[in-house]
Amino acid sequence: MKGVLLINLGSPDSPNPKDVKRYLGEFLMDERVIDVPKWLRTFLVKGIILNTRPKKSAAAYQKIWWEEGSPLIVISERFHKKVQERAKVPVALGMRYGSMSIQKGLKELHDQGVDDVLVVPLYPHYAMSSTETVIEKTKEEQKKHFPNMELTIVPSFYNHPDYIRAMSENIKSHLEGVDYDHILFSYHGIPERHIRKSDPTKSHCKIDGSCCETASKAHATCYRHQCFETTKEIAKYLDLPEGKYSDSFQSRLGGDPWLKPYTDKEFERFPTEGKKNLVVITPAFVSDCLETLEEIAMEGEEQFEEAGGEHYKHIPCLNDSDDWVKVMTRWINEWSVTSKEEVTA
Ligand SMILES: C=CC1=C(C)c2cc3[nH]c(cc4nc(cc5[nH]c(cc1n2)c(C)c5CCC(=O)O)C(CCC(=O)O)=C4C)c(C)c3C=C
Ligand SMILES: [Fe+2]
Ligand SMILES: [Fe+2]
């Protein structure tokens, strides 16, 4: 029997430093997130980062926490419930880190008789620290606990017409009557090194001006290319004029070079160029979370206004909007009526 596992990143159990520390410990000890030899990762995470970061992160979580819990979890649960109401097969929800584990999600499906699972990483763009770690963890849990289950993985949907249309219509609905100078597409950043590591050709991705524009099979796993494509497709759909929009990358951690330009530097630069009315969208996240609600909606506005900006607007993610629920349900229902031969063909 077929079933679906939706997988998002996860959040701490509460915004208290103790729970945040446990969550960050699991997250940052992932070899696909901090990709250095285990002894060095252990030293960096347990010896340095976990001594200071949990307090700072807990304070940030406290600013955005809802009565029902973490926004990322609550929104994912609402989305899951609505998708389940419309889907023709059982749908479960799991998180890569934290208490709502992937193993629990697979067990829930297994207990309902599911042995053929569509795995949906809730990330539009491929990165080793997001999509790849979800896929590898799911395969590991399946092999260990549910050897008779089969998995089919939904590919990154960064340029899927349904995702582009849903994103564009969401943006359009929030821009009605809004006067703006510029739209910033702010994507979660990753270290530049991860782009090179994910390049199967080992020669295409140079992170220069043109590699992401030149056709290559490397783009199936190139986060940078996929982010730029999402922007291009949304701009095309909304008929945005050249120069009225741009890309940036947020949330960097540590001293290594991450994808540029950095979002916080753009907030400081725009007002000096006369871009004083700014709209920010965050297409790498399907649901609002710490990185959109605190870093972009709160900190971002402050940084922009301190630099001389006048009006600032963050557009919410797709969250549990009817449109996004319908898109996901259609993908699921189309798969659930497809035979195995058609899927693998
Ligand atoms: C959109 C996909 C994501 C990628 C790619 C990604 C890479 C990545 N993240 C960190 C470090 C942290 N990220 C944190 C929060 C966070 N990250 C994503 C998504 C991606 N991360 C989301 C949805 C969230 C929000 C979680 C929530 O509970 O709302 C955090 C925790 C908060 C903090 O202390 O800042 C860290 C740490 C790295 C190092 C990385 C790539 C190497
Ligand atoms: Fe992150
Ligand atoms: Fe590229």
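Is lysine 313 buried, partly exposed or exposed, and how many other C-beta atoms lie within 10 Å? In this predicted model, lysine 313 is partly exposed, because 16 other C-beta atoms lie within 10 Å, whereas a buried residue would need 20 or more and an exposed one 12 or fewer.

**Figure 1. Surroundings of lysine 313 in strand S8.** Lysine 313 belongs to strand S8, which comprises residues 311–314. Leaving aside residues up to four places away in sequence, lysine 313 touches Val178 and Val279. Isoleucine 296 lies 17 residues from lysine 313 along the chain, and the C-alpha atoms of the two are separated by 9.6 Å.

**Figure 2. Parallel pairing of strand S7 with strands S5 and S8.** Strand S7 covers residues 277–281; four of these five residues are buried, so the strand is largely enclosed by the rest of the structure. Four bridges connect S7 to strand S5 (residues 182–188) in the parallel sense, and isoleucine 183 stands opposite valine 279 of S7. Four bridges also link S7 to S8, again in the parallel sense. Within that pairing, leucine 278 has tyrosine 312 of S8 as its bridge partner. Valine 279 is also one of the residues touched by lysine 313.

**Figure 3. The buried strand S2 and its partner S1.** Strand S2 consists of residues 91–95, and five of its five residues are buried, so the strand is largely enclosed by the rest of the structure. In a regular strand, side chains alternate between the two faces of the sheet. Both faces of S2 are covered: Val91, Leu93 and Met95 are buried on one side, and Ala92 and Gly94 are buried on the other. Strand S1 (residues 2–8) runs parallel to S2 and is joined to it by five bridges. Valine 4 has valine 91 of S2 as its bridge partner.

**Figure 4. Contact region between domain 1 and domain 2.** The domain assignment divides the protein chain into domain 1 (2–156 + 322–344) and domain 2 (161–314). Their C-alpha centres lie 23 Å apart. Contacts between the domains involve 22 residues of domain 1 and 23 residues of domain 2. On the side of domain 1 that touches domain 2, at least two residues each come from helix H2 (38–64), helix H3 (71–86), helix H5 (128–145) and helix H11 (322–336). Helix H3 gives the most to this side, with five residues. By class, the residues on this side of domain 1 are 14 nonpolar, five polar and three charged.

**Figure 5. The shell around ligand 1.** Of the 22 residues around ligand 1, those that come nearest are Ser11, Ser57, Ser129, Cys289 and Leu290. Helices H2, H5 and H10 (290–306) each supply at least two residues of the shell. Domain 1 and domain 2 each contribute at least three residues to the shell. Its composition is 13 nonpolar, seven polar and two charged residues.

**Figure 6. The protein chain as context for the close-up views.** Twelve helices and eight strands make up the secondary structure elements of the protein chain. The radius of gyration is 20 Å, close to the 20 Å that the globule rule gives for 345 residues, so the chain is as compact as a globular protein of that length. Along its principal axes, the C-alpha trace spans about 60 × 50 × 50 Å. Of the 345 residues, 42% count as buried. Among contacts between residues at least 6 apart in sequence, 76% join residues at least 24 apart.

Key
Residues numbered from 1 in each chain as written. Chains lettered and ligands numbered in written order. Predicted model: local features only at pLDDT ≥ 70, side-chain atom pairs only at ≥ 80, totals over all residues. Domains from an automatic or database assignment. Contact = placed C-beta atoms within 7 Å. Nonpolar A, V, L, I, M, F, W, Y, C, P; charged D, E, K, R; others polar. Near = placed C-beta within 6 Å. Pairing = 2+ DSSP bridges. Rg over C-alpha atoms; globule rule 2.2 N^0.38 Å.
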